[in-house]
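Student: I'd like a close look at one small part of this model before I think about the rest. Could you take me through it and then place it in its surroundings?

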Amino acid sequence: FLYIFRASDQPVALFGRTFSDRETLLGLVVASIVAFFFTPVASLIISGMLVGGAIVAAHGAFRMPEDLFLDDADAASGNSAAQGLLSFLGAPGSRV
């Protein structure tokens, strides 16, 4: 936020030294990471990522993928299962 909304015509100068754009961005990234790990935000984000990972793992464990694939004979015969969710990707004008 500070990097984007700063005045671009005025370089950052601290302690008598002028910093380039790359040095300014790197310093702000390091300061953000340090601030991130010294506040309770880090534990909140890590907890959220762990809960999300557990939900994804549970979904993968209980998913039944047997009915996800069509046989070639079903797709060629125009079976009702082949006219499902992605049926609009067929040839133009094939279905009105």
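Let's start with one side chain: is Phe15 buried or exposed?

Tutor: Happy to, and please keep in mind throughout that this is a predicted model. Phe15 is exposed: its relative accessible area is 88%, and the exposed class begins over 50%, so Phe15 belongs there. Along the chain, Phe15 sits in the loop that links strand 1 (12-14) to strand 2 (17-19). Its backbone deserves a glance too, since phi of Phe15 is near 55°, a positive value although the residue is not a glycine. For background, a negative phi is what most residues other than glycine have.

Now let's move outward from that loop. The chain as a whole has two strands and three helices, and read along the sequence they follow the pattern β-β-α-α-α. Arg17, whose side chain meets that of Glu23 in a salt bridge at 3.2 Å, N to O, is partly exposed with a relative accessible area of 41%. Its partner Glu23 is also partly exposed, at 35%. A search of the whole structure turns up one salt bridge.

Helix 1 (21-37) brings us to the nonpolar surface. Leu25, Val29, Ile33, Phe37, Ile46 and Leu50 together make a nonpolar surface patch of about 570 Å². Helix 1 and helix 2 are the elements that each give two or more residues to this patch, and helix 1 supplies the largest share, with four residues. From helix 2 comes Ile46, which is partly exposed at a relative accessible area of 42%; membership in a patch asks for over 30%, so Ile46 clears that bar.

Phe37, one of the patch residues, has a second role to look at. The structure holds one aromatic pair, and it is formed by Phe36 and Phe37, edge-to-face, with 4.9 Å from centre to centre and 80° between the planes. These two neighbours fall into separate accessibility classes: Phe37 reaches 53% and counts as exposed because the class starts over 50%, while Phe36, at 26%, is partly exposed.

There is also a record to set beside this. An unreviewed UniProt entry lists residues 25-58 as "transmembrane region". In the model that span is 91% helix and 0% strand, and its end C-alpha atoms lie 39 Å apart.

Looking at the whole chain, buried residues make up 2% of its 96 residues. The chain exposes about 8600 Å², and carbon and sulfur atoms supply 68% of that area.

Finally, a word on confidence. The mean pLDDT of the chain is 76, with 67% of the residues at 70 or more. Confidence is highest in helix 2 (residues 41-62), at a mean of 92, and lowest in helix 3 (residues 72-77), at 55. Predicted coordinates should not be read in detail where pLDDT is low.

How values were computed. Residues are numbered from 1 along each chain as its sequence is written. Side-chain values use heavy atoms; hydrogens and water are left out. pLDDT is the predictor's confidence in each residue, from 0 to 100. Buried means under 20% relative accessible area, exposed over 50%, partly exposed in between (1.4 Å probe, protein chains only). Rings of Phe, Tyr and Trp (its six-membered ring) pair if their centres lie within 6.5 Å; planes under 30 degrees apart count as stacked, over 60 as edge-to-face and the rest as tilted. Patches are made of residues with over 30% relative accessible area and no salt bridge: like charges are joined within 9 Å, nonpolar side chains (Val, Leu, Ile, Met, Phe, Trp, Tyr) within 5 Å. Accessible areas come from the Shrake-Rupley method with a 1.4 Å probe; for residues, only the protein chains shown count as cover. A salt bridge is a side-chain nitrogen of Lys or Arg within 4 Å of a carboxyl oxygen of Asp or Glu. UniProt positions are given in the numbering used here, feature names are shortened, and annotations may be inferred rather than shown by experiment.
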